[in-house]
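Please look over the sequence and the model below before reading on. The paragraphs that follow go from place to place along the chain and explain what can be seen there.

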Amino acid sequence: MDSMMGKLVMGLVVVVAIFEAPGVVDAWTGEIRGRVVCDVCADSSIGPEDHVLEGAEVAVLCITKSGEVVNYQAFTNSKGFYTVAETMPESERWDACLARPISSFHTSCNHLNQANNGIKFSYKRPSGYFHAVKPFLRSAFGVAFLWLVCLIYFTQGFRSFVWTAVSYQLKDRLQLSPSASQFVFSVAFFPWSIKPLYGIISDCIPIGGKKRTPYLVISTVLSLVPWLLLGLDSTSRSSSLYLMIFLTVQNLGSAMADVVIDAMIAEAVRIEKSSFAGDLQSVSWFAMAVGGICGSLLGGYALTNLNIETIFLLFTVLPALQLLSCPLVEEIPSNEPLPELLDSDEFEEKKSNDTYLDTKKSNTRRRKGQKKGKKGASSGKSETHKKQSKSLASKLFQSLKAAALELCRAFKQPIILRPMAWFFIAHITVPNLSTVMFYYQTEVLQLDASFLGTARVVGWLGLMLGTFIYNRYLTNMTLRKSLLFAHIGLSITILLDMTLVSRANVGYGVSDKTMVLFGSALGDAINQLKFMPFLILSGRLCPPGIEGTLFALFMSINNLGNTVGSFMGAGLASLLGISSGSFENMFVGLAIQVFCTYIPVLFLFLIPKEATGVSASS
């Protein structure tokens, strides 16, 4: 984890080249030439992404053969080089030296880290020997930006804290059936299925010249207000219709914030250095995982000790903090549309009208003809504003249209369409019975909220384990084979649920809690093994220029597939007559789910044959 976080900081690489000059009989001359470079990637090596620093102060400490300590001070030139040279008796020549950068006036690269002691080297080494240290560190993106990224992703993970309360609200207070509850969840999470729409709107319709922070504020308000109303107004949380509407609005805000912060990350990486892209994503996913673990642990505890409305109000602290943090990140306004809207004819018309009005103000006597002229000028100015407004609306519409068409053209390419079609089919052909299992666990198995929160924590740990296993052992496996194994594993997890429902585990002395914990960890780990190929294909298939929007579309397809799968699960539960207190056909529903798990295997030909976790080429 230290290495992951370390790449979010900058350092200096001091490259010290040592040259020994042959001296006369009684004298010896030594020279140290070094180069101070801002190490952007913090990899202790000079690469094309690094840049030299001018005016950096370097301290060189040398010990002579006679034991004397000599200090030198040097500054880098315009090319980042410094030089230290000394002529001395052969008996007092340098034996060992220590080079250490002291300061730099560059605000982007001027902070010391734990390596500020520099690098010690023996002067007996041959000329041209290089030494590398990392004496300076800084945040590549700024503290405010990293804080906002971590806060938003932590909030996304911490949503499990409040959504556990929503599940109990639907089940215990509103007395909804499992299929009805699953329907409410499916509708409420639909905004996650149209994420590209938010990206296109924020790209094409700036507010106050800004494309990100205004939409981030709007999305945060949409995330905050519903929870506030649900916590304060008993009527809104006592009606399934009102509750579904508020939950949908809340998810609209969360999904929009997710798209906007992803766009801000992409822009920041492009402006700073592209080598930080993976590290920033790692930090965001880590923040979300930490939020998920904390939310799951605290969610179960809160349900045991607090009212549901209190939980809703407590969760508003995070969106409120997010709202207060939005102004901390500065965004440079984009005024690109203005030159296009104010063409030369309109500018001359506006200028002549203003000149005419100024002339009329200087006159003390007014005539009827002058009044008519003034009225005509005002009318002309109004028409100009209308033309500008109409032109702005037309340009915005054309921008939206062009972005949508470009997205469609890219998505229609077979190399993109076929794999995404498979992932969509993999979701819609397998009915999701998670809500039904929640009812079964709480009503039949009598598992309390605190334990279910612990089970979700175990699930998050399983998700991390699945990510580690895939990155460590499965990246060289073809995606077809890894997805096949993933679906075999998913069928095994459903068989564990069937064992739990049939109560066969009791006969073997395995407790229900053990089955639930093991099933949660295994299920999330296998789901992550399936999700990792999706992420790999999504990232590698995106053509240059529209990576962000197309990746959002890929994620929306995944979310839409989950939503349709939830609808299928709700329909299956209703068809089988599974309801609160009536779980006789639960085993049959799970058996159907096992059968459906192998349907996507028949369509694996849509995945590129030779694609692996390393290369997604067809």
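A residue is called buried when its relative accessible area is under 20%, exposed when that area is over 50%, and partly exposed in between. The structure shown here is a predicted model, and these three words will be used throughout the walk that follows.

We can begin with charged side chains, since side chains of opposite charge can pair when their charged atoms come close. A salt bridge is counted where a side-chain nitrogen of Lys or Arg lies within 4 Å of a carboxyl oxygen of Asp or Glu, and by this rule the count comes to five salt bridges. One of them is formed by the side chains of D172 and K171, with a distance of 2.8 Å from N to O. The two partners differ in their cover: K171 counts as buried because its relative accessibility is 11%, whereas D172, with a relative accessible area of 36%, is partly exposed.

Another salt bridge is found between E309 and R173, whose closest N and O atoms are 3.1 Å apart. This pair links distant parts of the chain, for E309 belongs to helix α10 (residues 308–315) and R173 to helix α3, with their positions 136 residues apart in the numbering. E309 has a relative accessibility of 18% and therefore counts as buried, while R173, at 43%, counts as partly exposed.

E309 also meets a further partner, since its side chain and that of R237 form a salt bridge with an N to O distance of 3.8 Å. Here too distant parts of the chain are linked, E309 in helix α10 and R237 in helix α7 (residues 234–238) being 72 residues apart. R237 is buried, as its relative accessible area is 10%. Through these shared partners, salt bridges join R173, R237 and E309 into one network.

From the charged pairs we turn to helix α5, which spans residues 195–204 and is mostly covered, with seven of its ten residues buried. The buried residues of α5 are K195, P196, Y198, G199, I200, S202 and C204.

Cysteines deserve a separate look. A disulfide would require a pair of cysteine sulfur atoms within 2.5 Å, and by this rule the count comes to zero. Two further cysteines can be described by their cover: C326 counts as buried because its relative accessibility is 2%, and C596 counts as buried because its value is 11%.

On the surface, F485, I488, I492, L495 and Y598 make a nonpolar patch of about 430 Å². One of these residues, I488, is found in helix α18, which covers residues 479–502. The relative accessible area of I488 is 31%, so this residue is partly exposed.

Finally, two loops hold residues with a notable backbone angle. Q175 is found in the loop between α3 (160–173) and α4 (178–188), and its phi is near 55°, a positive value in a residue other than glycine. Q175 counts as exposed because its relative accessibility is 60%. In the loop between α16 (434–443) and α17 (449–474) lies Q446, whose phi is near 60°, again a positive value in a residue other than glycine. With a relative accessibility of 60%, Q446 likewise counts as exposed.

Definitions and conventions
Residues numbered from 1 in each chain as written. Predicted model: local features only at pLDDT ≥ 70, side-chain atom pairs only at ≥ 80, totals over all residues. Heavy atoms only, no water. Buried < 20%, exposed > 50% of the residue type's maximum accessible area, 1.4 Å probe, protein only. Helix = DSSP H or I, 4+ residues; strand = E, 2+ residues; numbered from the N terminus. Patch = residues over 30% accessible without salt bridge, like charges linked within 9 Å, V, L, I, M, F, W, Y side chains within 5 Å. Areas by Shrake-Rupley, 256 points an atom, 1.4 Å probe, with all protein chains shown as cover.
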